[in-house]
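Student: Could you take a close look at a single part of this structure, and then set that part in the context of the whole chain?

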Amino acid sequence: MPGFFRDNQRLVCDGQSLEAIASDVGTPCYVYSAPAIRARYAELASAFAGHPHAIHYALKANSTLAIVRLLKSLGAHADANSAGEIDVALRAGFAPSEIVFTGVGKTPEEIERAVGLGLKAINAESFGEMDRIDRIARRLGTRARVAVRINPDIDALSHPGISTGRKTNKFGVAIEEARAMCREMATRAGLHLVGLHVHVGSQVTKLEPLRRAAEALVALATELERDGVSVEHLDVGGGLGISYDGGSVPTAADYAAAVLPAIEASGRSLVLEPGRVIVGPAGILLMRVVDLKPHSAGKFFVIADAGMTELMRPMLYGAYHAIEAVTPRPGAAISADIVGPVCETTDTLGVDRTLPPVEPGDLLAARDAGAYGSVMGSNYNRRLLPPEVLVEEDGWRVIRRRQTIDELLQTET
Ligand SMILES: Cc1ncc(COP(=O)(O)O)c(C=O)c1O
């Protein structure tokens with residue numbers, strides 16, 4: 001698999017020197033492997049090749065324009081969660097008919113834009129939202145293509161902060177309500193029911209919840225069909241997890257084997273909304289050691305120039321990212337808490353990590369940061385959004401340069 005590997009001890013990206021990239025664009029910075037993104041997309045596409053399907057890349061995972069364009073060039077469609085993500089998808093070249101629009105709090109303005117564009121599906125998450133879409137579509141003199149997001153009350157067995165399919169979660173509607181919504185939709189002049197949707201969580205590493213969620217969609221579609229209400233596609237959402245710690249996780253083929261039997265039997269086309277599994281392992285966050293301080297009992301604080309403003313996942317839900325020295329120094333390993341420069345104690349990237357000896361100026365890499373990394377960046381402490389670099393086998397290019405303080409202040413009086 002292309003991407004990040006060690007060449008004579010040094011961590012490189014598809015043969016390109018990370019030291020050279022860091023010297024050129026500065027740190028912190030994100031580095032992505034285009035060959036790894038292509039390979040991961042291809043794995044997923046081939047796993048589902050036997051059944052009519054569309055892979056709607058979830059922009060929320062990483063919506064940097066060049067990454068989205070790369071996915072588009074591979075044949076992906078798009079899953080957007082806001083008007084901003086719809087705009088990025090359009091600018092990346094997706095046709096409205098290739099975009100599905102999800103989200104639990106779509107504003108009237110967002111709905112109007114989605115309806116006006118004629119997206120492939122607006123995934124309605126409540127009765128009230130269905131009403132709003134219907135009203136807006138009738139006012140615009142059109143019929144909106146809609147799907148209903150069900151909440152099947154299935155535990156994704158992932159972190160509670162990224163589990164979305166329990167009845168205590170804010171997402172979608174219970175099966176009984178979905179049934180009623182679908183029947184109602186069939187009678188509305190502004191609505192064209194095209195699909196059923198489910199997404200039970202992210203970083204899901206057990207296949208059972210994903211299989212059960214797909215089966216719940218199929219059961220509802222079959223029941224509705226008996227009542228004369230039919231849908232074109234079944235959207236199983238995203239969620240397939242990746243290995244952050246080296247443990248084994250299901251492959252794309254395992255995933256397809258879990259989800260496809262029910263979908264195939266239903267005769268409906270399939271929509272997938274993967275994000276993390278495509279781009280997560282294809283990116284790293286590069287940072288430099290700024291300082292080294294004694295902690296306790298021989299342990300150190302390794303203070304990096306990146307923290308929660310660049311990679312929020314560890315602070316947001318205790319997520320683990322392997323952190324490695326790009327060019328390990330020889331000598332006895334140290335035990336360290338790797339922390340950022342932000343004025344919050346929670347600004348900790350990794351606790352009780354073992355590192356080779358490090359010195360200020362050394363380059364570290366937080367692995368598997370291609371998904372939910374850069375997109376969650378913030379300007380807290382007036383820190384500037386970092387650059388992003390896309391690596392190809394024959395070179396690399398900056399796909400987002402570092403923000404400047406003037407740009408940061410541009411919208412302020
Ligand atoms: C509705 C929906 N679809 C797709 C995704 C993408 O999930 P993942 O990146 O885990 O594949 C998410 C993320 O949580 C989501 O909420």
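Tutor: Helices (H or I, at least four residues) and strands (E, at least two) are DSSP runs, numbered from the N terminus. The model is predicted: local features need pLDDT of at least 70, side-chain atom pairs count only at pLDDT 80 or more, and totals for chains, interfaces and linings use all residues. Residues are numbered from 1 along each chain as its sequence is written, and side-chain values use heavy atoms, with hydrogens and water left out.

The part chosen is helix 8, which covers residues 207-226. Its 20 residues reach 29 Å from the first C-alpha to the last, close to the expected 28 Å, where the expected span is 1.5 Å times one less than the number of residues. Buried (under 20% relative accessible area, with exposed over 50% and partly exposed in between; 1.4 Å probe, protein chains only) describes P209, L210, A213, A214, A216, L217, V218, L220, A221 and L224 in this helix. An α-helix has 3.6 residues a turn, so residues three or four places apart point the same way. The cover over the buried residues of helix 8, in terms of contacts (heavy atoms within 4.5 Å), includes helix 7 (175-185), strand 10 (191-197), strand 11 (233-235) and helix 9 (252-266). After helix 8 comes G228, with a positive phi near 85°.

Positive phi values also occur in residues other than glycine. A297, with phi of about 45°, is in the loop between strand 13 (283-294) and strand 14 (300-304); at 85% relative accessibility, A297 counts as exposed. N381, with phi near 60°, lies in the loop between strand 18 (363-366) and strand 19 (388-392) and is partly exposed, its relative accessible area being 37%. A further backbone feature is the cis peptide bond between T27 and P28, with omega of about -5°; P28 belongs to the loop between helix 1 (18-25) and strand 4 (29-33).

As for the whole, the chain contains 12 helices and 20 strands. Its radius of gyration is 22 Å, close to the 22 Å that the globule rule gives for 413 residues, so the chain is as compact as a globular protein of that length; the radius is taken over C-alpha atoms, and the rule is 2.2 Å times the number of residues to the power 0.38. The C-alpha trace spans about 70 × 50 × 40 Å along its principal axes. Of the 413 residues, 54% count as buried. Among contacts with a separation of 6 or more, 70% come from residues 24 or more positions apart.
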